[in-house]
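Biologist: I would like to learn how to read a structure like this one, feature by feature. Could you walk me through it?

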Amino acid sequence: PDAICLWNDVVRSYFNDAVYSESQAVVVRSEDFLFRFREVMDELAAWGLVEREPGATPPEPSADRAKGHFECRTRNQALEFYARAENRTLKFSAEQLAQLSRGLDPELLRRLAYDGAD
């Protein structure tokens, strides 16, 4: 097995009710948290996410580095970097991109809206 097979297996488990019950779990893509934080939070609330402090002002996304890691981007740096489509595949070789194209499960890509349909 390789990293692509591992990704397929892990992501497939997210949609397996025997692993993650649909009534108790939700899949949220990291880029949705990054680019549409408020909409994600509103959708989670609509699905029944319980507020920590009922009636409190909704939280703002953290501007800091994730979990205090210094090697990762701040929120503003990530917004700027990932807003540029060319950066999403910047350090992948043509062969690596071809391997991804051949190996990633098309059904998972569709379910996560990574299939280019929208």
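Biologist: Let me begin with a single residue: in which helix is the place of C5?

Modeller: Happy to start there, and please keep in mind that this is a predicted model. C5 sits in helix α1. With a relative accessibility of 36%, C5 counts as partly exposed. You can also compare sequence and space: C5 and S62 are 57 residues apart in sequence, and their C-alpha atoms lie 32 Å apart.

Biologist: Now a whole helix. Which are the buried residues of helix α3?

Modeller: The general idea comes first. An α-helix has 3.6 residues a turn, so residues three or four places apart point the same way. In this structure, α3 covers residues 37-46, and its buried residues are F37, V40 and L44. Viewed down the axis of α3, these buried residues fall within an arc of 65°, so they line one face of the helix.

Biologist: What do the buried residues of α3 pack against?

Modeller: Their partners are α2 (30-35) and α4 (75-83). Follow the chain just past α3 and you meet G48, which takes a positive phi of about 105°.

Biologist: How should I read a positive phi?

Modeller: Most residues other than glycine have a negative phi, and most peptide bonds are trans. The case to look at here is A113, which has a positive phi of about 60° although it is not a glycine. A113 is found in the segment after α6, and at 29% relative accessibility it counts as partly exposed.

Biologist: Let's turn to charges. How many salt bridges does the structure hold?

Modeller: Side chains of opposite charge can pair when their charged atoms come close. This structure holds 10 salt bridges. One of them joins the side chains of R12 and D105, at 2.8 Å from N to O. R12 lies in helix α1 (residues 3-14) and D105 in the loop between α5 (94-103) and α6 (106-111), so the pair ties together parts that are 93 residues apart in sequence.

Biologist: Are R12 and D105 buried or exposed, or something in between?

Modeller: The cut-off for buried is under 20% relative accessible area. D105, at 18%, therefore counts as buried, while R12, at 36%, counts as partly exposed.

Biologist: Which other pairs could I look at?

Modeller: Try R36 and D32, whose side chains meet in a salt bridge of 3.0 Å, N to O. R36 is partly exposed, with a relative accessible area of 41%, and D32 is buried at 10%. Another pair is R102 and E95, with the closest N and O atoms 3.3 Å apart. Here R102 is exposed at 60%, and E95 is partly exposed at 44%.

Biologist: Which residues are linked in a network of salt bridges?

Modeller: The network links R29, E31, D32, R36 and E39. You will recognise D32 and R36 from the pair above.

Biologist: Next, empty space. How much space lies in the largest pocket?

Modeller: Rolling a probe the size of a water molecule over the atoms shows where empty space is left. In this model, the largest pocket holds about 1400 Å³ of space. It is lined by 35 residues, of which S30, E31, Y82, R88 and Y114 are the closest to its centre. The elements giving two or more residues to this lining are α1, α2, α4 and α5, and α2 gives the most, with five. By type, the lining of the largest pocket divides into 19 nonpolar, six polar and 10 charged residues.

Biologist: What volume has the second largest pocket, and what lines it?

Modeller: Its volume is about 660 Å³. There are 22 lining residues, and A25, V26, V27, V28 and W47 are the closest to the centre of this second largest pocket. Helix α3 gives the most to this lining, with four residues. The lining of the second largest pocket has 11 nonpolar, three polar and eight charged residues.

Biologist: One last residue: where is T74 found?

Modeller: T74 is in the loop between α3 and α4. At 17% relative accessibility, T74 counts as buried. Leaving aside neighbours within four places in sequence, T74 is in contact with A63, D64 and R65.

Technical notes:
Residues are numbered from 1 along each chain as its sequence is written. This is a predicted model: local features need pLDDT of at least 70, side-chain atom pairs count only at pLDDT 80 or more; totals for chains, interfaces and linings use all residues. Side-chain values use heavy atoms; hydrogens and water are left out. Buried means under 20% relative accessible area, exposed over 50%, partly exposed in between (1.4 Å probe, protein chains only). The arc is that of the directions from the helix axis to the C-beta atoms. Contact means heavy atoms within 4.5 Å. A salt bridge is a side-chain nitrogen of Lys or Arg within 4 Å of a carboxyl oxygen of Asp or Glu. On a 1 Å grid over the protein atoms alone, a cavity is a set of points where a 1.4 Å probe fits but cannot get out, and a pocket is an open set with protein on both sides within 12 Å along at least five of seven lines; lining residues have an atom within 4 Å of a point. Grid points are joined across faces, edges and corners, and a volume is the space filled by probe spheres set on the points. Ala, Val, Leu, Ile, Met, Phe, Trp, Tyr, Cys and Pro count as nonpolar, Asp, Glu, Lys and Arg as charged, and the others, Gly among them, as polar.
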